[in-house]
Amino acid sequence: MPDSATPGRFPRGVLFDLDGTLLDSAPDMLATVNRMRAARGRAPMVLQAIRPHVSRGARAMAAAAFPDVPPAGVPDLVPEFLALYREELGRHGRPFDGIEAMLAALEADGVRWGIVTNKPAGLARGLLPGLGWETRCAVLVGGDSLGERKPHPLPLLHAAEAIGIAPADCVYVGDDRRDIDAARGAGMPSVVALWGYRLDDDDPAAWQGDAMLASPRELLEPAAWPRRY
């Protein structure tokens with residue numbers, strides 16, 4: 001295992017997507033859609049049925065939960081989804097295996113890390129105390145924090161500025177193509193988190209991230225991190 005106490009072994013700044021990258025939040029989403037389905041007399045979904053849609057947002061999960069609803073009717077389900085999700089927030093999900101060890105290694109090396117997510121900032125921020133991250137996360141940018149959201153690079157550029165580190169000296173880690181596109185637009189090296197949420201027809205190799213890793217534990221090795229300096 002690398003000596004993470006030696007300064008400068010990791011990138012100076014690391015930004016993460018939240019759902020599907022740091023946090024396995026699919027169980028919270030499953031509880032939410034199953035409450036919606038139960039209210040309509042429908043059988044519960046299983047985790048694997050909702051899991052691939054989690055990184056796509058509330059509308060995608062509502063559509064997956066009610067495939068018989070016409071596309072024009074799906075937005076009507078979103079307010080109910082969000083209201084119930086607030087009640088399930090953080091009750092079932094957990095950090096992916098290896099995330100806590102990886103964050104500890106980064107912190108021991110003096111790395112500033114933060115979160116850039118398309119999840120509404122209020123919901124994302126509400127998760128931090130239960131995870132013990134509220135004082136450790138140097139910046140949190142949500143999907144409604146700025147005038148743009150991923151795949152636009154602005155949220156990543158804003159986060160890098162907030163932690164005082166040039167984009168080229170940061171790395172962004174995410175499990176969705178929008179994450180990698182945003183990093184590329186920001187001039188920021190990227191890691192494709194293969195442990196996250198993807199549809200069956202997604203091809204993460206086509207996203208052209210700077211690294212693709214199968215487990216958060218691989219990020220304990222400084223050499224696994226892409227760099228452009």
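This briefing walks through the sheet, two helices and a few loop residues of the structure above. The model is a predicted one. At its heart for our tour is an open sheet of six strands, in the order β5-β4-β1-β6-β7-β8, with parallel pairing. After the sheet come the meeting of helices α3 and α4 and then some loop residues worth finding on your screen.

**The sheet as a whole**

- Start with the strand order: reading across the open sheet, you pass β5, β4, β1, β6, β7 and β8.
- The two edge strands are β5 and β8 (211-213), and each of them pairs on one side only.
- Helix α5, made of residues 99-108, packs on this sheet and touches β1 and β4. The direction of α5 makes about 155° with that of β1.
- As background, strands of a sheet pair through backbone hydrogen bonds, and the pairing can be parallel or antiparallel.

**Strand β1 and its two neighbours**

- Find β1 at residues 13-16; it pairs with β4 in the parallel sense, over four bridges.
- On the β4 side, V14 stands opposite W113, and F16 stands opposite I115.
- Strand β6, residues 170-174, is also joined to β1 by four bridges, and these two strands run parallel.
- On the β6 side, the bridge partner of G13 is C170, while V14 has V171 as its bridge partner.
- V14 is therefore a handy residue to click on, because it has W113 opposite it in β4 and V171 as its partner in β6, in keeping with the way strands pair through backbone hydrogen bonds.
- Which residues of β1 point one way, and which the other? G13 and L15 point one way, V14 and F16 point the other way, and all of them are buried.
- This fits a general pattern: in a regular strand the side chains alternate between the two faces of the sheet.

**Strand β4 and the step to β5**

- How many of the five residues of β4 are buried? Four of them are, so this strand (residues 112-116) is mostly covered, where buried means under 20% relative accessible area.
- Two bridges join β4 to β5 (residues 140-141), and the two strands run parallel.
- I115 in β4 stands opposite L140 in β5; I115 also stands opposite F16 of β1.
- To get from β4 to β5, the chain passes through helix α6 (residues 121-131), forming a right-handed β-α-β crossover.

**Where helices α3 and α4 meet**

- The axes of α3 (residues 58-65) and α4 (residues 78-88) come within 9 Å and cross at roughly 105°.
- Because of that angle, α3 is roughly perpendicular to α4.
- From α3, the residues A58, R59 and M61 meet V78, F81 and L82 of α4.
- By type, the residues of this contact divide into five nonpolar, no polar and one charged.

**Loop residues between α2 and α3**

- P52 sits in the loop between α2 (47-50) and α3.
- Is P52 buried or exposed? Its relative accessibility is 19%, so P52 counts as buried.
- Setting aside neighbours within four places in sequence, P52 is in contact with Y197, R198 and L199.
- P52 and A64 are 12 residues apart in sequence, and their C-alpha atoms are 9.6 Å apart in space.

**Loop residues between β5 and α7**

- A cis peptide bond joins K150 and P151, with omega at about 20°. You will find P151 in the loop between β5 and α7.
- H152 lies in the loop between β5 and α7 (154-163) as well. With 33% relative accessibility, H152 counts as partly exposed.
- How many residues apart in sequence are H152 and A183? They are 31 residues apart, yet 8.7 Å separates them in space, C-alpha to C-alpha.

**A loop residue between β7 and β8**

- Q208 is found in the loop between β7 (190-193) and β8.
- Although Q208 is not a glycine, it has a positive phi of about 60°.
- Q208 counts as exposed because its relative accessibility is 60%.

Methods
Residues numbered from 1 in each chain as written. Predicted model: local features only at pLDDT ≥ 70, side-chain atom pairs only at ≥ 80, totals over all residues. Heavy atoms only, no water. Axes fitted to C-alpha atoms, helices over the stretch in contact; angles between N-to-C directions. Parallel < 35°, antiparallel > 145°, perpendicular 65-115°, else oblique. Contact = heavy atoms within 4.5 Å. Nonpolar A, V, L, I, M, F, W, Y, C, P; charged D, E, K, R; others polar. Buried < 20%, exposed > 50% of the residue type's maximum accessible area, 1.4 Å probe, protein only. Pairing = 2+ DSSP bridges. Right-handed = clockwise from strand over helix to strand, strands pointing away.
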